[in-house]
Amino acid sequence: MSEKSSRTIAVTRSSMAPLDEYVAEITPLWESRWLTNRGEKHRQLEADLQEYLQSPHVSLFTNGHAALECALEALELLAGGEIITTPFTFASTTHAITRKGFKPVFADIKSTDYTLDPEKIEALITPNTVAIMPVHVYGSLCDTDAVEAIAKKHGLKVIYDAAHAFGVKRDGVSAATFGDASMFSFHATKVFNTIEGGGLTFTDDDLATRLDEWKNFGIAADGQTVFAGGNGKMNEFCAAMGICNLRHNDEEIAKRKHAHERYVEHLGNIEGLKLLEIPDNVEHNYAYFPVVFEDASHTTRDEVAAALADEDIFARKYFYPLTSDFACYADTYDAQHDTPIAYDIAERVLTLPLYADLTDDDIDRICNVVLSCVNK
């Protein structure tokens, strides 16, 4: 096992463009003093992302959660309706639904890629259902064809939580092109970041206007305040960081891919360990490296996490617990009964450190700890 004196390895590390490149990008702001409200950098980043994500519309926000809440408002869903979603996700997904006055209805996930199982959706649709909110998990895309066929059949909107799916393509088609809207997180820990930020991609021209109004207090282009909107505008410094980071994003993903492949070399054929499979037709972003410990009687996820922490290596139980098991929802839902596959995976999954700057030696050190637990 590695000596304790080795450097700490965090679960993630933010990608950052070279400092001089960022300084050059923000220097004009000292002359213009236009720091927010759709300035030059904001407009440029939207245009750059439209091209990169193959989407006709990109709307930038202060963060991904604000973008998700804004999408629920701007799509003008029936107030108080039900939204079918997954509990195997980050808090933001479920909280956005609840905070906007809707009721989350949880469907189980697939045991293969941990995304929402389309076969579990229709049985949950009621006259009160207004939308489906699937989540692309760890960079794995949902079965969008099946989800959207169900939505079309029942007249439902589809909003994807695509926080993990930046840059991912299936059969050459960008994750940003699915559904009525897709939300991307540009948080510092994501594959692509704007320090803090988020965005929505969509195809409806009219939605662009509504989103611009919603994130600017409901103020329309003519200056009239047409409803009680919020404040979700991305500032120029965050947009400038996005402009810089986007130039290097493919390079960063290539580094992540290398790290992923080295993990697979060590852990890919180990009995009791289940790794995420990446289909041949998917251009992945290698956002996370989840490991599911299949034989809990032999090696538990918690034992491995503790052993890693003893070596100053910090993994993440992601996603654990299920959002439906949160204290604020637990009295309403029975996660173990309602979504048994999601519950089981949440109890056994651990995401190992993965980021562009992770070295081969770092990965070897991490894997040595994991294997020492598995082979004990």
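User: Helix axes are lines fitted to C-alpha atoms over the stretch in contact, with angles of 0 to 180 degrees between N-to-C directions; how do α4 and α5 pack on that basis?

Analyst: This is a predicted model, where local features need pLDDT of at least 70, side-chain atom pairs need 80 or more, and totals for chains, interfaces and linings use all residues. Numbering runs from 1 along each chain as its sequence is written, and side-chain values use heavy atoms, without hydrogens or water. Helix α4 (residues 64–74) packs against helix α5 (residues 91–99) at an angle of about 40°, and the two axes lie 9 Å apart. Helices (H or I, at least four residues) and strands (E, at least two) are DSSP runs numbered from the N terminus.

User: Which residues of α4 and α5 meet?

Analyst: From α4, His65, Leu68, Glu69 and Leu72 take part. Their partners in α5 are Ser92, Thr93, His95, Ala96, Ile97 and Arg99. Contact here stands for heavy atoms within 4.5 Å.

User: And α10 with α13, at what angle do they cross?

Analyst: The crossing between α10 and helix α13 (residues 360–374) is at roughly 135°, and their axes come within 9 Å. On the α10 side, Glu303, Val304, Ala307 and Leu308 are involved. They meet Ile366, Val369, Val370 and Cys373 of α13.

User: Staying with α10, is Arg301 buried or exposed?

Analyst: Arg301, which belongs to helix α10 (residues 301–310), is buried, because its relative accessible area is 3%. The classes are buried under 20%, exposed over 50% and partly exposed in between, with a 1.4 Å probe and protein chains only.

User: What does Arg301 touch?

Analyst: Setting aside residues up to four places away in sequence, Arg301 touches Phe293, Lys317 and Tyr320. The same list continues with Ala346, Glu347, Arg348, Val349 and Leu350.

User: Phe293 and Tyr320 caught my eye; where does Phe293 appear again?

Analyst: Phe293 belongs to a nonpolar core of 27 residues, together with members including Tyr263, Phe289 and Ala307. Such a core is a set of buried Ala, Val, Leu, Ile, Met, Phe, Trp, Tyr and Cys residues joined through side-chain atoms within 4.5 Å.

User: What about Tyr320, and which kind of peptide bond joins it to Pro321?

Analyst: The bond between Tyr320 and Pro321 is cis, with omega about -5°. Pro321 sits in the loop between α10 and α11. That loop, which precedes α11 (335–338), also holds Phe319. The peptide bond from Tyr318 to Phe319 is cis as well, with omega near 20°.

User: New topic: which residues touch the most other members of the largest nonpolar core?

Analyst: In that core of 36 residues, they are Leu45, Leu49, Ile121, Ile132, Phe166 and Phe186. Two or more residues each come from α3 (40–53), β1 (57–61), α6 (144–154), β5 (157–161) and α8 (236–247). The largest share, four residues, is that of α8.

User: Which residues surround Phe166?

Analyst: Neighbours within four places in sequence aside, Phe166 is in contact with Leu49, Tyr52, Leu53, Phe184 and Phe186. Phe192, Leu246, Asn249 and Asn285 complete that set.

User: Last one: where do Gln54 and Tyr138 lie, and what is phi in each?

Analyst: Gln54 occupies the loop between α3 and β1, and its phi is near 60°, a positive value in a residue other than glycine. Tyr138 is in the loop between β4 (129–133) and α6, and its phi is likewise positive, near 60°. Gln54 counts as partly exposed because its relative accessibility is 36%, whereas Tyr138 is buried, at 0%.
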